[in-house]
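User: Could you take a close look at one helix pair for me? I'd like the geometry and the contacts in one go.

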Amino acid sequence: MALDAVFREHWGRVLATLVGNLGDLELAEDAVQEAFAIAAERWPRDGEPTNPIGWLVTTARNRAVDNIRRQRVLVEKTRLLARDLADRTEKPMDAAPTFPDERLELIFMCCHPALALDAQVALTLRALGGLTTDEIARAFLLPGDTMSKRVTRAKHKIRDARIPFAVPPDHELPDRLAAVLAVIYLIFNEGWGGGRIDLAAEAIHLGRALAQLMPDECEVLALLALMLLHHARRNARMRDGEIVLLDEQDRDLWDETQIDEGRQLRQRTLAHGASGPYAIQATIADLHLQQPRDWTQIAGQYDALVRQTGSPVVEMNRAIALAELHGPDAGLAVLDRLDLDHYRYFHSTRAELLRRANRDTEARDAFQRALDLAQSEPERRILEQRIAELTPPPA
(Lines give C-alpha, C1' and ligand atoms only; values in the text may rest on other atoms or scores of the structure.)
Protein backbone atom coordinates (compact mmCIF):
# COMPACT_ATOMS: atom_id res chain seq x y z
CA MET A 1 0.00 0.00 0.00
CA ALA A 2 1.41 3.45 -0.94
CA LEU A 3 2.41 5.71 1.94
CA ASP A 4 -0.21 8.33 1.07
CA ALA A 5 -2.89 5.61 1.21
CA VAL A 6 -1.53 4.43 4.58
CA PHE A 7 -1.71 8.03 5.80
CA ARG A 8 -5.30 8.50 4.64
CA GLU A 9 -6.49 5.20 6.06
CA HIS A 10 -4.54 4.92 9.28
CA TRP A 11 -3.52 8.39 10.49
CA GLY A 12 -6.34 8.51 13.05
CA ARG A 13 -5.63 5.00 14.32
CA VAL A 14 -1.89 5.55 14.76
CA LEU A 15 -2.50 8.91 16.46
CA ALA A 16 -5.17 7.48 18.77
CA THR A 17 -2.79 4.73 19.86
CA LEU A 18 -0.03 7.26 20.63
CA VAL A 19 -2.40 9.52 22.56
CA GLY A 20 -3.45 6.51 24.62
CA ASN A 21 0.22 5.76 25.34
CA LEU A 22 1.38 9.31 26.00
CA GLY A 23 -1.68 11.08 27.35
CA ASP A 24 -0.66 14.20 25.41
CA LEU A 25 -2.33 15.05 22.11
CA GLU A 26 0.22 17.61 20.93
CA LEU A 27 3.21 15.39 21.73
CA ALA A 28 1.53 12.43 20.03
CA GLU A 29 0.68 14.40 16.89
CA ASP A 30 4.26 15.66 16.55
CA ALA A 31 5.60 12.10 16.98
CA VAL A 32 3.22 10.64 14.38
CA GLN A 33 4.11 13.36 11.88
CA GLU A 34 7.79 12.54 12.40
CA ALA A 35 7.11 8.83 11.93
CA PHE A 36 5.37 9.44 8.60
CA ALA A 37 8.22 11.72 7.52
CA ILE A 38 10.75 9.00 8.33
CA ALA A 39 8.63 6.47 6.43
CA ALA A 40 8.55 8.79 3.40
CA GLU A 41 12.36 8.77 3.42
CA ARG A 42 13.02 5.11 4.20
CA TRP A 43 10.24 3.08 2.59
CA PRO A 44 11.04 4.00 -1.02
CA ARG A 45 14.67 3.02 -0.36
CA ASP A 46 14.31 -0.02 1.94
CA GLY A 47 10.85 -1.25 0.95
CA GLU A 48 7.59 -1.17 2.89
CA PRO A 49 7.71 -3.13 6.17
CA THR A 50 5.61 -6.27 6.58
CA ASN A 51 3.40 -4.51 9.10
CA PRO A 52 3.45 -0.79 8.13
CA ILE A 53 1.02 0.28 10.86
CA GLY A 54 2.99 -1.46 13.59
CA TRP A 55 6.17 0.13 12.20
CA LEU A 56 4.61 3.59 12.33
CA VAL A 57 3.35 3.11 15.89
CA THR A 58 6.72 1.86 17.12
CA THR A 59 8.65 4.60 15.30
CA ALA A 60 6.33 7.30 16.63
CA ARG A 61 6.70 5.93 20.18
CA ASN A 62 10.48 6.03 19.87
CA ARG A 63 10.41 9.56 18.51
CA ALA A 64 8.17 10.66 21.38
CA VAL A 65 10.56 9.23 23.96
CA ASP A 66 13.50 10.92 22.21
CA ASN A 67 11.68 14.25 22.14
CA ILE A 68 10.87 14.05 25.84
CA ARG A 69 14.45 13.15 26.70
CA ARG A 70 15.61 16.31 24.97
CA GLN A 71 13.47 18.34 27.34
CA ARG A 72 15.55 18.41 30.50
CA VAL A 73 12.68 19.60 32.68
CA LEU A 74 10.82 16.37 31.89
CA VAL A 75 13.46 13.85 32.95
CA GLU A 76 11.21 12.18 35.48
CA LYS A 77 8.34 12.01 33.00
CA THR A 78 10.69 10.31 30.55
CA ARG A 79 11.60 7.63 33.10
CA LEU A 80 7.95 6.89 33.85
CA LEU A 81 7.01 6.97 30.17
CA ALA A 82 9.85 4.62 29.21
CA ARG A 83 8.75 2.15 31.89
CA ASP A 84 5.14 2.34 30.70
CA LEU A 85 6.10 1.88 27.06
CA ALA A 86 8.33 -1.07 27.95
CA ASP A 87 5.30 -2.77 29.46
CA ARG A 88 3.18 -1.98 26.42
CA THR A 89 5.72 -3.01 23.81
CA GLU A 90 6.08 -6.50 25.23
CA LYS A 91 3.19 -7.34 22.92
CA PRO A 92 4.40 -8.61 19.51
CA MET A 93 4.14 -6.09 16.68
CA ASP A 94 4.40 -8.51 13.73
CA ALA A 95 0.64 -8.92 13.44
CA ALA A 96 -1.49 -6.01 12.30
CA PRO A 97 -2.79 -4.26 15.43
CA THR A 98 -6.48 -3.80 16.08
CA PHE A 99 -7.91 -0.55 17.37
CA PRO A 100 -11.44 -1.27 18.54
CA ASP A 101 -11.92 1.79 20.76
CA GLU A 102 -8.96 4.14 20.52
CA ARG A 103 -10.39 6.45 17.86
CA LEU A 104 -13.69 6.74 19.68
CA GLU A 105 -11.75 7.63 22.83
CA LEU A 106 -9.89 10.27 20.85
CA ILE A 107 -13.17 11.77 19.64
CA PHE A 108 -14.58 11.96 23.17
CA MET A 109 -11.37 13.48 24.51
CA CYS A 110 -11.42 16.20 21.84
CA CYS A 111 -15.15 16.76 22.38
CA HIS A 112 -14.75 17.71 26.03
CA PRO A 113 -17.33 20.30 27.23
CA ALA A 114 -14.49 22.52 28.50
CA LEU A 115 -13.88 23.38 24.82
CA ALA A 116 -16.19 25.45 22.65
CA LEU A 117 -18.30 23.30 20.32
CA ASP A 118 -16.68 24.56 17.10
CA ALA A 119 -13.23 23.99 18.64
CA GLN A 120 -14.22 20.43 19.61
CA VAL A 121 -15.26 19.65 16.07
CA ALA A 122 -12.24 21.31 14.46
CA LEU A 123 -9.72 19.64 16.76
CA THR A 124 -11.19 16.19 16.19
CA LEU A 125 -11.24 16.62 12.43
CA ARG A 126 -7.56 17.52 12.61
CA ALA A 127 -6.60 14.73 14.99
CA LEU A 128 -8.80 11.88 13.83
CA GLY A 129 -9.50 12.60 10.20
CA GLY A 130 -5.98 13.75 9.40
CA LEU A 131 -7.53 16.74 7.62
CA THR A 132 -5.40 19.77 6.95
CA THR A 133 -6.24 23.08 8.59
CA ASP A 134 -7.33 24.46 5.20
CA GLU A 135 -9.69 21.50 4.67
CA ILE A 136 -11.24 22.07 8.09
CA ALA A 137 -11.51 25.81 7.44
CA ARG A 138 -13.46 25.08 4.24
CA ALA A 139 -15.89 22.90 6.20
CA PHE A 140 -16.48 25.81 8.61
CA LEU A 141 -16.45 28.48 5.85
CA LEU A 142 -13.61 30.26 7.71
CA PRO A 143 -10.15 31.59 6.77
CA GLY A 144 -7.31 29.11 7.29
CA ASP A 145 -5.46 31.36 9.80
CA THR A 146 -8.54 31.65 11.98
CA MET A 147 -8.99 27.88 12.06
CA SER A 148 -5.29 27.28 12.77
CA LYS A 149 -5.44 29.48 15.86
CA ARG A 150 -8.63 27.77 17.01
CA VAL A 151 -7.10 24.29 16.76
CA THR A 152 -3.92 25.38 18.56
CA ARG A 153 -5.89 26.93 21.43
CA ALA A 154 -7.95 23.75 21.80
CA LYS A 155 -4.80 21.58 21.98
CA HIS A 156 -3.32 23.80 24.67
CA LYS A 157 -6.51 23.72 26.69
CA ILE A 158 -6.56 19.91 26.61
CA ARG A 159 -2.95 19.88 27.77
CA ASP A 160 -3.36 22.50 30.50
CA ALA A 161 -6.64 21.07 31.83
CA ARG A 162 -5.21 17.52 31.70
CA ILE A 163 -8.30 16.26 29.92
CA PRO A 164 -8.04 12.43 29.94
CA PHE A 165 -7.89 10.21 26.87
CA ALA A 166 -10.92 8.03 27.59
CA VAL A 167 -14.57 7.46 26.84
CA PRO A 168 -16.32 9.33 29.68
CA PRO A 169 -18.70 7.60 32.10
CA ASP A 170 -22.23 7.00 30.87
CA HIS A 171 -23.74 10.01 32.60
CA GLU A 172 -21.34 12.37 30.78
CA LEU A 173 -21.88 10.97 27.28
CA PRO A 174 -24.95 13.07 26.38
CA ASP A 175 -23.06 16.32 27.10
CA ARG A 176 -20.54 15.45 24.39
CA LEU A 177 -22.83 13.76 21.91
CA ALA A 178 -23.70 16.78 19.75
CA ALA A 179 -20.04 17.49 19.02
CA VAL A 180 -19.21 13.80 18.44
CA LEU A 181 -22.04 13.48 15.92
CA ALA A 182 -20.97 16.69 14.19
CA VAL A 183 -17.40 15.44 13.90
CA ILE A 184 -18.37 12.10 12.39
CA TYR A 185 -20.73 13.73 9.90
CA LEU A 186 -18.15 16.34 8.86
CA ILE A 187 -15.59 13.58 8.29
CA PHE A 188 -18.18 11.82 6.14
CA ASN A 189 -18.94 15.00 4.19
CA GLU A 190 -15.27 15.72 3.58
CA GLY A 191 -14.93 12.22 2.14
CA TRP A 192 -18.19 12.38 0.19
CA GLY A 193 -17.80 15.87 -1.23
CA GLY A 194 -14.08 15.56 -1.85
CA GLY A 195 -14.20 12.12 -3.44
CA ARG A 196 -12.42 10.50 -0.50
CA ILE A 197 -14.48 7.29 -0.35
CA ASP A 198 -12.06 5.86 2.21
CA LEU A 199 -12.77 8.79 4.54
CA ALA A 200 -16.54 8.44 4.07
CA ALA A 201 -16.31 4.71 4.83
CA GLU A 202 -14.23 5.50 7.93
CA ALA A 203 -16.96 7.85 9.16
CA ILE A 204 -19.51 5.05 8.75
CA HIS A 205 -17.24 2.70 10.70
CA LEU A 206 -17.07 5.26 13.52
CA GLY A 207 -20.84 5.70 13.35
CA ARG A 208 -21.29 1.97 13.84
CA ALA A 209 -18.88 2.00 16.81
CA LEU A 210 -20.81 4.87 18.36
CA ALA A 211 -24.11 3.05 17.80
CA GLN A 212 -22.70 0.07 19.70
CA LEU A 213 -21.66 2.38 22.53
CA MET A 214 -24.99 4.27 22.63
CA PRO A 215 -27.60 1.97 21.03
CA ASP A 216 -30.60 3.81 22.49
CA GLU A 217 -29.68 7.28 21.20
CA CYS A 218 -31.97 8.02 18.26
CA GLU A 219 -29.72 10.70 16.77
CA VAL A 220 -26.78 8.26 16.73
CA LEU A 221 -28.86 5.75 14.76
CA ALA A 222 -30.23 8.52 12.54
CA LEU A 223 -26.74 9.74 11.64
CA LEU A 224 -25.67 6.22 10.72
CA ALA A 225 -28.82 5.86 8.59
CA LEU A 226 -28.12 9.19 6.88
CA MET A 227 -24.56 8.25 5.99
CA LEU A 228 -25.58 4.82 4.70
CA LEU A 229 -28.32 6.26 2.48
CA HIS A 230 -25.82 8.64 0.89
CA HIS A 231 -22.93 6.19 0.69
CA ALA A 232 -25.12 3.60 -1.05
CA ARG A 233 -24.86 5.76 -4.21
CA ARG A 234 -21.04 5.96 -4.20
CA ASN A 235 -20.54 3.70 -7.25
CA ALA A 236 -22.96 5.73 -9.37
CA ARG A 237 -21.65 9.22 -8.55
CA MET A 238 -18.78 9.15 -11.03
CA ARG A 239 -18.58 7.95 -14.64
CA ASP A 240 -15.33 8.13 -16.59
CA GLY A 241 -13.98 10.63 -14.07
CA GLU A 242 -17.03 12.89 -14.36
CA ILE A 243 -19.63 13.73 -11.69
CA VAL A 244 -23.05 12.16 -12.34
CA LEU A 245 -25.98 14.08 -10.85
CA LEU A 246 -28.60 12.17 -8.87
CA ASP A 247 -31.27 12.17 -11.56
CA GLU A 248 -28.80 10.79 -14.12
CA GLN A 249 -27.29 8.04 -11.93
CA ASP A 250 -27.58 4.36 -12.83
CA ARG A 251 -29.71 3.00 -10.00
CA ASP A 252 -28.48 -0.52 -10.69
CA LEU A 253 -25.15 0.63 -9.24
CA TRP A 254 -26.71 1.66 -5.94
CA ASP A 255 -26.00 -0.58 -2.94
CA GLU A 256 -29.45 -1.86 -2.03
CA THR A 257 -28.11 -3.60 1.10
CA GLN A 258 -26.93 -0.28 2.50
CA ILE A 259 -30.17 1.42 1.49
CA ASP A 260 -32.19 -1.26 3.29
CA GLU A 261 -30.02 -0.96 6.39
CA GLY A 262 -30.33 2.82 6.36
CA ARG A 263 -34.11 2.62 6.04
CA GLN A 264 -34.37 0.08 8.86
CA LEU A 265 -32.33 2.33 11.14
CA ARG A 266 -34.50 5.30 10.17
CA GLN A 267 -37.64 3.34 10.98
CA ARG A 268 -36.20 2.50 14.41
CA THR A 269 -35.68 6.18 15.13
CA LEU A 270 -39.17 7.09 13.90
CA ALA A 271 -40.69 4.38 16.10
CA HIS A 272 -39.16 6.18 19.08
CA GLY A 273 -40.53 9.54 17.94
CA ALA A 274 -37.18 10.91 16.85
CA SER A 275 -37.35 14.44 15.43
CA GLY A 276 -33.77 15.70 15.78
CA PRO A 277 -31.70 17.18 12.94
CA TYR A 278 -30.10 13.90 11.86
CA ALA A 279 -33.45 12.11 11.89
CA ILE A 280 -34.85 14.82 9.61
CA GLN A 281 -31.84 14.67 7.29
CA ALA A 282 -32.12 10.88 7.08
CA THR A 283 -35.76 11.29 6.05
CA ILE A 284 -34.76 13.82 3.38
CA ALA A 285 -32.04 11.50 2.08
CA ASP A 286 -34.55 8.66 1.80
CA LEU A 287 -37.08 10.89 0.01
CA HIS A 288 -34.41 11.82 -2.56
CA LEU A 289 -33.94 8.12 -3.38
CA GLN A 290 -37.60 7.67 -4.28
CA GLN A 291 -39.09 8.24 -7.72
CA PRO A 292 -40.95 10.42 -8.34
CA ARG A 293 -39.61 12.69 -5.61
CA ASP A 294 -42.17 14.26 -3.30
CA TRP A 295 -40.94 17.85 -3.24
CA THR A 296 -43.76 18.92 -0.94
CA GLN A 297 -42.56 16.51 1.72
CA ILE A 298 -38.93 17.44 1.12
CA ALA A 299 -39.69 21.15 1.49
CA GLY A 300 -41.64 20.45 4.68
CA GLN A 301 -38.73 18.52 6.15
CA TYR A 302 -36.36 21.37 5.31
CA ASP A 303 -38.76 23.81 6.99
CA ALA A 304 -38.49 21.76 10.19
CA LEU A 305 -34.71 21.52 9.87
CA VAL A 306 -34.35 25.28 9.40
CA ARG A 307 -36.38 25.87 12.57
CA GLN A 308 -34.06 23.54 14.50
CA THR A 309 -30.69 24.64 13.13
CA GLY A 310 -31.03 28.13 11.69
CA SER A 311 -28.35 27.02 9.21
CA PRO A 312 -27.96 29.06 6.02
CA VAL A 313 -26.83 25.89 4.21
CA VAL A 314 -30.11 24.22 5.18
CA GLU A 315 -31.93 27.34 3.91
CA MET A 316 -30.08 26.91 0.62
CA ASN A 317 -31.33 23.35 0.30
CA ARG A 318 -34.85 24.46 1.19
CA ALA A 319 -34.60 26.96 -1.66
CA ILE A 320 -33.94 24.10 -4.09
CA ALA A 321 -37.11 22.33 -2.95
CA LEU A 322 -39.14 25.54 -3.23
CA ALA A 323 -37.82 26.06 -6.76
CA GLU A 324 -39.01 22.58 -7.71
CA LEU A 325 -42.47 23.35 -6.32
CA HIS A 326 -42.99 26.98 -7.32
CA GLY A 327 -40.35 27.82 -9.93
CA PRO A 328 -36.81 29.24 -9.85
CA ASP A 329 -37.81 32.71 -8.68
CA ALA A 330 -39.18 31.26 -5.43
CA GLY A 331 -35.83 29.61 -4.75
CA LEU A 332 -33.84 32.69 -5.73
CA ALA A 333 -35.86 34.82 -3.32
CA VAL A 334 -34.54 32.64 -0.49
CA LEU A 335 -30.97 32.46 -1.79
CA ASP A 336 -30.68 36.21 -2.16
CA ARG A 337 -31.16 36.59 1.61
CA LEU A 338 -28.24 34.29 2.49
CA ASP A 339 -24.64 35.22 3.28
CA LEU A 340 -22.77 32.26 1.78
CA ASP A 341 -20.36 33.94 -0.61
CA HIS A 342 -17.48 31.59 0.27
CA TYR A 343 -19.54 28.40 -0.19
CA ARG A 344 -19.09 26.96 -3.66
CA TYR A 345 -22.37 25.01 -3.66
CA PHE A 346 -24.30 28.20 -2.92
CA HIS A 347 -23.05 29.75 -6.16
CA SER A 348 -23.61 26.64 -8.26
CA THR A 349 -27.15 26.32 -6.84
CA ARG A 350 -27.89 29.97 -7.51
CA ALA A 351 -26.42 29.70 -11.00
CA GLU A 352 -28.64 26.76 -11.87
CA LEU A 353 -31.78 28.59 -10.75
CA LEU A 354 -30.73 31.72 -12.65
CA ARG A 355 -30.24 29.56 -15.76
CA ARG A 356 -33.73 28.10 -15.34
CA ALA A 357 -35.09 31.65 -14.98
CA ASN A 358 -33.43 32.55 -18.34
CA ARG A 359 -31.07 35.02 -16.64
CA ASP A 360 -28.04 33.70 -18.49
CA THR A 361 -25.61 36.55 -17.85
CA GLU A 362 -26.13 36.36 -14.09
CA ALA A 363 -26.02 32.55 -14.26
CA ARG A 364 -22.65 32.67 -16.04
CA ASP A 365 -21.23 34.95 -13.33
CA ALA A 366 -22.52 32.65 -10.58
CA PHE A 367 -21.13 29.54 -12.27
CA GLN A 368 -17.78 31.33 -12.61
CA ARG A 369 -17.76 32.18 -8.90
CA ALA A 370 -18.47 28.51 -8.10
CA LEU A 371 -15.66 27.51 -10.47
CA ASP A 372 -13.26 29.86 -8.65
CA LEU A 373 -14.08 28.08 -5.38
CA ALA A 374 -14.15 24.51 -6.72
CA GLN A 375 -11.90 22.00 -4.94
CA SER A 376 -11.60 19.11 -7.40
CA GLU A 377 -11.09 18.57 -11.10
CA PRO A 378 -14.44 16.77 -11.63
CA GLU A 379 -16.20 19.74 -10.02
CA ARG A 380 -14.33 22.17 -12.24
CA ARG A 381 -15.15 20.22 -15.38
CA ILE A 382 -18.89 20.09 -14.73
CA LEU A 383 -18.96 23.82 -13.96
CA GLU A 384 -16.98 24.61 -17.10
CA GLN A 385 -19.49 22.53 -19.05
CA ARG A 386 -22.40 24.48 -17.55
CA ILE A 387 -20.76 27.78 -18.51
CA ALA A 388 -20.15 26.54 -22.06
CA GLU A 389 -23.81 25.53 -22.43
CA LEU A 390 -25.06 29.04 -21.69
CA THR A 391 -25.79 31.47 -24.51
CA PRO A 392 -22.58 33.40 -25.30
CA PRO A 393 -22.58 36.99 -23.99
CA PRO A 394 -23.23 39.73 -26.57
CA ALA A 395 -20.14 41.00 -28.41
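Analyst: Here's a walk through one pair of packed helices, with some context on the whole chain. This is a predicted model, where local features need pLDDT of at least 70, side-chain atom pairs count only at pLDDT 80 or more, and totals for chains, interfaces and linings use all residues. Numbering runs from 1 along each chain as its sequence is written, and side-chain values use heavy atoms, with hydrogens and water left out.

The protein has 19 helices and 2 strands (DSSP runs numbered from the N terminus: H or I of at least four residues for helices, E of at least two for strands). The pair in question is H14, residues 295–309, and H15, residues 312–326, packed at about 155° with axes 9 Å apart. Axes here are lines fitted to C-alpha atoms over the stretch in contact, and angles run from 0 to 180 degrees between N-to-C directions. H14 and H15 are therefore roughly antiparallel (angles over 145 degrees count as that).

Now the contacts, meaning heavy atoms within 4.5 Å. From H14, the residues involved include Trp295, Ile298, Tyr302 and Leu305; on the H15 side, Val314, Arg318, Ala321 and Leu325 are among them. By class, the contact of H14 with H15 has 9 nonpolar, 3 polar and 4 charged residues (Ala, Val, Leu, Ile, Met, Phe, Trp, Tyr, Cys and Pro are nonpolar; Asp, Glu, Lys and Arg charged; the others, Gly among them, polar).

Zooming out, buried residues make up 48% of the 395 in the protein, with buried meaning under 20% relative accessible area for a 1.4 Å probe, protein chains only.

Conventions: Angles under 35 degrees count as roughly parallel, over 145 as roughly antiparallel, 65 to 115 as roughly perpendicular and the rest as oblique. Buried means under 20% relative accessible area, exposed over 50%, partly exposed in between (1.4 Å probe, protein chains only).
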